[in-house]
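This report goes through selected features of the structure shown below. It takes the annotated spans, then the helix contacts, then two single residues.

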Amino acid sequence: MTIPPPQPPGESASAQEGTELAAEAAVVSATARERWYLRLPIISHLRRSVGLQRGMLVAGLVLVLGLLATALFAPLLAPYGFAETSADGASFGTQQPPSGAHPLGTTVAGYDVLSRVIWGTRTAVAVMACAVVLSLFIGVALGLISGYVGGWLDRILVMLADAIYAFPSLLLAIVMSIVISGGQSSAGGGILAAAVSITVVFVPQYFRVIRAEVVRLKAEPFVEAAKVIGTGHRRIMGTHLLRNSTRTLPLIFTLNSSEAILTLAALGFLGFGIEPTSASEWGYDLNRAMADATSGIWWTGLFPGLAIVAAVLGVTLVGESINDLNDPRLRVRRKRRGGPAGTTSTEATA
Amino acid sequence: MTADLTRSATDEPADAGPSGSSAPSATAGRGRRGGGGLGRYILTRFLLIIPTVLILMTVVFFLMRITGDPITAALGGRLTPDQLAQRRAEAGYDRPLIIQYLDYLWGVVRGDFGTTYTDRTPVAKILTEYGGATAELVVYAVVVALVIGVPLGMLAARARDRWGDLALRVLAILGYATPVFFVGLLLKLVFSVGLGWLPVAGRISSRGELTMGKILNPTPFYLLDAIRLGDASLLWDVISHAILPAIALGLLTGGIFLRLVRTNMIGTLEMPYVDSARSRGVRESRLTTRHALRPALIPIITVMGMQIAMMLGGAVLTETTFEWKGLGYMLAEYMTARDYVAVQGIVMMLAVIVAISNFLVDVIAALIDPRVRY
């Protein structure tokens, strides 16, 4: 790809643009030869990004990595256990303001707020991972089959997905958590129940995206060619269709992760979360902190809330940047300056 | 939420048809291409409510019964097995599941969503009693969301890829990343507890409630009633209670509107007709507020349909946070009391409300944008 595109004579501006396009083409052909790990979703996005967009992506990644690291090293970071109300035989005391021993104070039940915030990352990450991976597998499988097989199965699944999708997701999660745990929450069961509740909400989203792609791809010549040479249905679905329909998955993946954290917190806030003694959960802590707020006790609610915001913010920033970078209309170009309408308008108004 | 984000970005701004929840309507409309006009579209779209609601009811009903009946859930462990069996027989939970299902559906057709187990109230009565409060809250929140989202989205589009844009977008993401109840907590801490300007919780003070009782035929909206009574202190009483909940719920959707307006505005600002207007010397501010704004607002209407579903979910949390006695607050109360008949009934009713409001939004979208109805 070194041949420059045809240049109309006497137009220096477009000639310059032509060389830039050629340069871009070289970059494109170079990326095709790159090592595989450089083509992984987030890493390739990071390399493609520039300016403010890169700033957003980096900020998001820092927050997400911070969340993961905190979850991983929670036992080392947290001064106490999440269900501890006393250390060395001395009780922490309830609703103590922040002090040296308890940098973020203690809750109404006498837990150390800092420790609960730190341990809470584990619950958040666990539920997020479970929910997103579960819904990814179920949603993608259903979408593939529904789109490929078509017919009445497809129609029923689409209708189901649409009905579920139109339903307030929180209500659905509530119904599911009643179904799964009967409203009771045990140790690991609570985490799994929350994850499955959230999964049900997400499956239709993956289903819709994958199905739409599969329906489009099914008519492509390469799929027909595969059929002609006698490739099995399973192989067509698993190779030809699946690999080509996963383009938008990283985006949904990140956006769902943030929604998973929010849904978990909302369930916890409504009292359908996880018992405080079996795991630390931010939504539950906020629920207990609501009464404190009325009497001016701010530390029990502020810090779990900030933890939720930081976690969701990180994941959303990453998803948001991926979205922008995937969409040519929104992507900030590396080189082009003084382009047509769009840029002029921003310059004129800035 | 997630799908809104993807959709707002992937849809061509000028071609955002009926999206999301209204997808079935799109296929229905397409099937009728060529024949029929608006009336036909509305009729098809209306008939589509029935399967949607039916599917939801079926799914929720069978899901709730997989694990057992509501009486065992509410009283299990507190009664002997014999007593439990007797109670179940009284309520008809020992019949085959399919009979119970048909019975339930027949009840719903007659407007009977069941009777709560804990306080023996018909679920339909809960709707008439508390639905108004939720509707009032959602209306306020939509107003807040529009007031915040549309102007800021326009600003962000005009300052595209500059610091102002970045700040506004981060603000929008923050609005989404902050749970409603945390926003509520912060607002309470600052404005109610810290500054003491606004009440902590509730819809009205107890003194105001007494005054309100004097009105002859009350509307579900306290604000209207207060205006009708013409009592200034009562009016402030009602408004001051509504400010914080409306902001908490409105911020959530305001962020989404901001992003939507921004994305669509960027698209429309690049359209040839905007260019031609600019070349005629139309001022940049007028371009944004007049020429580019109107087409950029159409997707807002379609997305608003999905937002209603999300807002009802958010209303559950907001109402719990501010003890705003609406449907969501009652839902949380019954959940705590483990009264799953009530939970099921309220959830079903909300499903019907969502389906109907989606229908209305689609009709409005079709009235505004002829492309939707083909």
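Which residues of chain A does the UniProt annotation "transmembrane region" cover? The model is predicted, and the annotation comes from an unreviewed UniProt entry, which gives residues 56–78, 124–145, 157–180, 186–207, 251–274 and 297–319 of chain A. For chain B, UniProt lists under "transmembrane region", again from an unreviewed entry, residues 42–64, 137–156, 168–191, 238–261, 296–317 and 340–368.

The table gives the helix and strand content of some of these spans, with the distance between their end C-alpha atoms.

| Span | Helix | Strand | End C-alpha distance |
|---|---|---|---|
| Chain A, residues 124–145 | 100% | 0% | 31 Å |
| Chain A, residues 157–180 | 92% | 0% | 23 Å |
| Chain B, residues 42–64 | 96% | 0% | 33 Å |
| Chain B, residues 238–261 | 100% | 0% | 32 Å |

**Chain B as a whole**

The secondary structure of chain B consists of 19 helices and 0 strands. Chain B has 374 residues, of which 46% count as buried. Taking the contacts in chain B between residues at least 6 apart in sequence, 73% join residues at least 24 apart.

**Two helix pairs in chain B**

How do helices H17 and H18 of chain B pack? Helix H17 (residues 327–336) and helix H18 (residues 340–368) of chain B meet at an angle of about 155°, and their axes are 9 Å apart. Because angles over 145 degrees count as roughly antiparallel, H17(B) is roughly antiparallel to H18(B). The crossing of the pair H17(B) and H18(B) is left-handed. On the H17(B) side the contact is made by B:Leu327, B:Met330, B:Leu331, B:Tyr334 and B:Met335, and on the H18(B) side by B:Ala342, B:Val343, B:Ile346 and B:Leu350. By class, the residues of the contact of H17(B) with H18(B) are 9 nonpolar, no polar and no charged. The residue range of H18(B), 340–368, also appears among the spans that UniProt lists for chain B as "transmembrane region".

A second pair is formed by helix H8 (residues 123–158) and helix H9 (residues 163–177) of chain B, which pack at an angle of about 140° with their axes 7 Å apart. The crossing of H8(B) and H9(B) is left-handed. Here B:Leu152, B:Leu155 and B:Ala156 of H8(B) meet B:Gly164, B:Asp165, B:Leu168 and B:Arg169 of H9(B). The contact of H8(B) with H9(B) comprises 4 nonpolar, 1 polar and 2 charged residues.

**Two single residues in chain B**

Is B:Asn264 buried or exposed? B:Asn264 has 26 C-beta neighbours inside 10 Å, and the cut-off for a buried residue is 20 or more, so B:Asn264 counts as buried. B:Asn264 is located in helix H13 (residues 232–269) of chain B. Between B:Asn264 and B:Gly305, which are 41 residues apart along the chain, the C-alpha separation is 17 Å.

B:Glu90 belongs to helix H6 (residues 81–91) of chain B. There are 10 other C-beta atoms within 10 Å of B:Glu90, so this residue is exposed. From B:Glu90 to B:Tyr101 the distance in sequence is 11 residues, and the C-alpha atoms are 17 Å apart in space.

Methods. Residues are numbered from 1 along each chain as its sequence is written. Chains are lettered from A and ligands numbered from 1 in the order in which they are written. This is a predicted model: local features need pLDDT of at least 70, side-chain atom pairs count only at pLDDT 80 or more; totals for chains, interfaces and linings use all residues. Axes are lines fitted to C-alpha atoms, for helices over the stretch in contact, and angles run from 0 to 180 degrees between N-to-C directions. Helices (H or I, at least four residues) and strands (E, at least two) are DSSP runs, numbered from the N terminus. Angles under 35 degrees count as roughly parallel, over 145 as roughly antiparallel, 65 to 115 as roughly perpendicular and the rest as oblique. A crossing is left-handed if the near helix is turned anticlockwise from the far one by less than a right angle, and right-handed if clockwise. Two residues are in contact if their C-beta atoms, placed from the backbone, lie within 7 Å. Ala, Val, Leu, Ile, Met, Phe, Trp, Tyr, Cys and Pro count as nonpolar, Asp, Glu, Lys and Arg as charged, and the others, Gly among them, as polar. UniProt positions are given in the numbering used here, feature names are shortened, and annotations may be inferred rather than shown by experiment. A residue is buried if 20 or more other C-beta atoms lie within 10 Å of its own, exposed if 12 or fewer, and partly exposed in between; C-beta atoms are placed from the backbone.
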